[in-house]
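Reader: I should like a close look at one part of this model, namely its sheet and the elements around it. Please describe how that part is put together, residue by residue where possible.

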Amino acid sequence: MTSFYVSHGSPMQAFENTPAAGFLKEFSNLHMHERPKAIIAISGHWDTAVPSVNVVSRNSTIHDFYGFPKELYELEYTAPGAPELAKRVKELVLKAGFKTVVEDNKRGLDHGAWVPLMLMYPEADIPVIQLSVQSSKDGAHHYKLGRALASLKDEGYLILGSGTITHNLRQLDSNATGVELWVKEFDQWLYESLTNNRYEDVINWSTKAPHARRAHPSSDHFMPLLVALGAAGEAPTSERIHSSFERSTLSMAAFAFHGAKSEKKQPS
């Protein structure tokens, strides 16, 4: 099974009729060979000092945002947890050389996980666990974190990174009709780097990419991409499976990372 990175954008994606929302609604039909046994979600909204996994039997819905319409806070995505899988993820990460992995027995799903999953798998009947990112660590740390998970995708588990390709909330403009040039340049650099297998450049994105810190003042929404890339295993190929822009500065691109023996799907 291929690993993926999707851009979740605003929490309002759950209601909006955007190209990105349409892509997520068609994701399972277009890009999945089979129903996953469970989903390992890596969201930019769970940022911890050390890798952490949520070990719960049933996920609660975390409304980790403010200032949105009441209807958004009424949405619930209470997918089952997968405690045994979470503990196995912990063991794999420790085996890969990470010194500490925390088990969180209370945390549910933040909106970086449940908003895209509500569109992708609205029945909420597939078990989901979350693995945190560490924005204080570099790209190599997160690529290594993904490599620790690589064996799981070949057992039928969906490894899903969720962030946003460009994520500078201070420069959003919901009324703009165009896209900022720096957003296009960062987006194009990432596309070319991934599809030409320049993975070292992507891992070292903060010094290699144009407008790196303008695109990501904090790295939390970029690091899930590196986890998903690492989870593809040896000699992966990258495929952009969606491209669109929102609010002048959000690139909503999505990528599939195919392992050496994986079969590619047609892009949407």
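Author: Two strands are taken to pair if DSSP finds at least two bridges between them. The model under discussion is a predicted one, and the description starts from the strands.

By that criterion, 6 strands form an open sheet in the order β5-β2-β6-β1-β10-β7, and the pairing is mixed. The edges are held by β5 (128-130) and β7 (237-242); each has a single partner strand, so one side of each is left without a neighbour in the sheet. On average, neighbouring strands of this sheet are turned by 25° against each other, direction ignored.

Strand β2 (residues 39-43) pairs with β5 in the parallel sense over 3 bridges. In this pairing, Ala41 stands opposite Gln130 of β5. Strand β2 is also joined to β6 by 5 bridges, and β2 and β6 run parallel. Here Ile42 has Gly161 of β6 as its bridge partner.

Strand β1 (residues 3-7) is likewise parallel to β6, and 4 bridges join the two. Tyr5 stands opposite Gly161 in β6. Gly161 thus recurs in the description, as the bridge partner of Ile42 and as the residue facing Tyr5.

The burial of β2 deserves separate attention. A residue counts as buried when its relative accessible area is under 20%. Of the 5 residues of β2, 5 are buried, so the strand is largely enclosed by the rest of the structure. Both of its faces are covered: Ile39, Ala41 and Ser43 are buried on one side, and Ile40 and Ile42 on the other.

The loop that follows β6 offers a contrast to this burial. Thr177 lies between β6 (158-163) and α7 (181-195). With a relative accessibility of 86%, Thr177 counts as exposed, because the threshold for that class is over 50%. Its C-alpha atom is separated by 34 Å from that of Ile159, although the two residues are 18 residues apart along the chain.

At the other edge of the sheet, the loop between α11 and β7 contains Ala235. Most residues other than glycine have a negative phi. Ala235, however, has a positive phi, near 45°. It is exposed, with a relative accessible area of 57%. Ser248, in the loop between β8 (245-246) and β9 (250-251), also has a positive phi, about 70°, although it is not a glycine. In contrast to Ala235, Ser248 is buried, with a relative accessible area of 7%.

Helix α11 (residues 223-231), which precedes the loop of Ala235, packs with helix α5 (residues 139-148) at an angle of about 40°, their axes 6 Å apart. The two helices are therefore oblique to each other, and α5 passes α11 in a right-handed crossing. From α5, Gly139, His142, Tyr143, Leu145, Gly146 and Arg147 take part, meeting Met223, Leu226, Val227, Leu229, Gly230 and Ala231 in α11. By class, this contact has 7 nonpolar, 4 polar and 1 charged residues.

Helix α5 is itself largely enclosed by the rest of the structure, since 7 of its 10 residues are buried. These are Gly139, His141, His142, Tyr143, Leu145, Gly146 and Ala148. Besides α11, the buried residues of α5 pack against α3 (83-95), α6 (150-153) and α8 (199-203).

Notes:
Residues are numbered from 1 along each chain as its sequence is written. This is a predicted model: local features need pLDDT of at least 70, side-chain atom pairs count only at pLDDT 80 or more; totals for chains, interfaces and linings use all residues. Side-chain values use heavy atoms; hydrogens and water are left out. Buried means under 20% relative accessible area, exposed over 50%, partly exposed in between (1.4 Å probe, protein chains only). Axes are lines fitted to C-alpha atoms, for helices over the stretch in contact, and angles run from 0 to 180 degrees between N-to-C directions. Angles under 35 degrees count as roughly parallel, over 145 as roughly antiparallel, 65 to 115 as roughly perpendicular and the rest as oblique. A crossing is left-handed if the near helix is turned anticlockwise from the far one by less than a right angle, and right-handed if clockwise. Contact means heavy atoms within 4.5 Å. Ala, Val, Leu, Ile, Met, Phe, Trp, Tyr, Cys and Pro count as nonpolar, Asp, Glu, Lys and Arg as charged, and the others, Gly among them, as polar.
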